[in-house]
Amino acid sequence: MDRRDFLRAAVVGGTVVTLGFSVTRESIAYPAKTGLSPYGALQAADANGIQLPAGFTSRVIARSTQAVTNTGYTWHSAPDGGACFADGTGWIYVSNSEMSSGGGGVSAIRFDANGNPTSAYRILGGTTRNCAGGPTPWNTWLSCEETDFGYTWETDPWGTKAAVRHNAMGRFKHEAAACDPDRKVIYQTEDTSDGCFYRFIPTTWGDLSAGGTLQVLVENGTTLSWVTVPDPDGSPTPTRDQVAGAKIFNGGEGAFYRNGTCYFTTKGDNRVWAYDAANNQLHIAYDDNLTSNPPLTGVDNITGATVGDLYVAEDGGNMEICIITPDDIIAPFLRVTGQSSSELCGVAFNPAGNRMYFSSQRGTSGSSSGGITYEVTGPFRTAL
């Protein structure tokens, strides 16, 4: 039997757990199993306390409450979700600030073609607990407030346009957003133990200010459907409680879309999910209960490399960023030592894919004012 036609599956509720099945080299066979990283074993910690594979190096780009390298801009506290945007021959890295009571927002660092920071600046302020988010195809950054009745804000990485609050995308404890340009929708996760998985259908793709429709994923037996949320502002009935049969997820975290699939994570049960939008199926791409010696716990932010690898950061666990390869292997890519009171977040690649950025939200001090943002450089693979 051709491998494309062979599928071993168990059903967990209405969720398909697909075992040992790959459609293309870029698709994950579910669930991923513990194995060896394509980059090899982690080496001894470097001067920054980071264990990396051979050939990789790290450097500190910014520290909370201190000026960013080569600039006079003071980096924000509690750095969280982030993304990179092409900027001529250079690029821009944006980073959320997960501070409470209006102390959150987003900052940006601009790099030249050689990776040198040239400027840094604020692109959103006065918001609360900006946790994760997601880039859009039209080069804006969606920054999500992880607080009851939180909003999704659209920001300009260049800092020339004012940030815009999009009420139609719902008021709830937002975590992340992932744009699906194929279906012209935006998926959103909700960070509560009884959270939902949403999609926003803009009236005009590329112009979220025109409003749109918020829907929630509903499960009926083994059938999934999308149902419109009657009252996206979440009052008086919380958004997640408005539609009967909405599928519940235990602590929604990061989200990343590629090639017909939205990958998203849930920290409450240490899972990586794969929503197959083309076939309207939901798979478990990783579960720490479905592999021996699971390397990934405290599942949080997620992103992907163009070669097909996924990278998932830990909030807790061993303070690792783990790699999930297209051939179903999960392994540590890096480990941060001496920072057990922190969490890793904001994983993103520059446009060339040869530099990775991430933050340790509370650094060595365990305080929000001790956040550290790093860059990792090395032989990231460009082909399988």
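The following paragraphs describe two sheets, the nonpolar cores, one buried threonine and the cysteines of this structure, which is a predicted model.

The description may begin with the sheet that contains β6. Four strands make up this open sheet, and their order is β6-β7-β8-β9, with antiparallel pairing. Its edges are β6, covering residues 79–87, and β9, covering residues 117–125, each of which pairs on one side only. From one strand to the next, the twist averages 20 degrees. Within this sheet, β8 (residues 105–111) is joined to β9 by seven bridges in the antiparallel sense. One position at which this pairing can be followed is Val106, whose bridge partner in β9 is Leu124. In general terms, the strands of a sheet pair through backbone hydrogen bonds, in either a parallel or an antiparallel manner.

Another open sheet of four strands has the order β5-β29-β28-β27, and its pairing is antiparallel. Here the edge strands are β5 (57–63) and β27 (344–349), each pairing on one side only. Neighbouring strands are turned against each other by 20 degrees on average, direction ignored. The edge strand β5 runs antiparallel to β29 (residues 372–377), and six bridges join the two. Val60 illustrates this pairing, as its bridge partner in β29 is Tyr374.

Strands of this sheet also appear in the account of the nonpolar cores. The largest core has 24 residues, and those with the most contacts inside it are Tyr311, Phe333, Leu334, Met356 and Phe358. At least two residues of this core come from each of β24 (310–314), β25 (320–324), β26 (329–336), β27, β28 (355–360) and β29. The largest share, four residues, is supplied by β26. A second core, separate from this one, has 19 residues, including Ala176, Val185, Tyr275 and Ala277. As a general tendency, nonpolar side chains in soluble globular proteins are buried together.

A polar residue in a buried position deserves attention next. Thr152 lies in strand β12, which spans residues 152–155. Its relative accessible area is 0%, so Thr152 counts as buried. The side chain of Thr152 makes a polar contact of 3.2 Å with the side chain of His174, and another, of 3.0 Å, with the side chain of Gln188. Apart from neighbours within four places in sequence, the residues in contact with Thr152 are Leu142, Ser143, Cys144, Val164, Arg165, His166, Met169, His174 and Gln188.

Cys144, one of these contacts of Thr152, leads to the matter of disulfides. A disulfide is a covalent bond between the sulfur atoms of two cysteines. How many disulfides does a search of the whole structure find? The search finds zero. Why is Cys144 not bonded to Cys131? The closest cysteine sulfur to that of Cys144 belongs to Cys131 and is 8.8 Å away, which is too far for a bond, because a disulfide requires the two sulfur atoms to be within 2.5 Å. Cys179 is likewise in no disulfide, and the nearest cysteine sulfur, that of Cys262, is 9.9 Å away. Are these cysteines buried or exposed? Cys144 is buried, with a relative accessible area of 0%, and Cys179 is buried as well, with a relative accessible area of 10%.

Terms used: Residues numbered from 1 in each chain as written. Predicted model: local features only at pLDDT ≥ 70, side-chain atom pairs only at ≥ 80, totals over all residues. Heavy atoms only, no water. Buried < 20%, exposed > 50% of the residue type's maximum accessible area, 1.4 Å probe, protein only. Pairing = 2+ DSSP bridges. Axes fitted to C-alpha atoms, helices over the stretch in contact; angles between N-to-C directions. Polar contact = N/O pair within 3.5 Å; in protein donor to acceptor, adjacent residues only side chain to side chain. Contact = heavy atoms within 4.5 Å. Core = buried A, V, L, I, M, F, W, Y, C linked by side-chain atoms within 4.5 Å.
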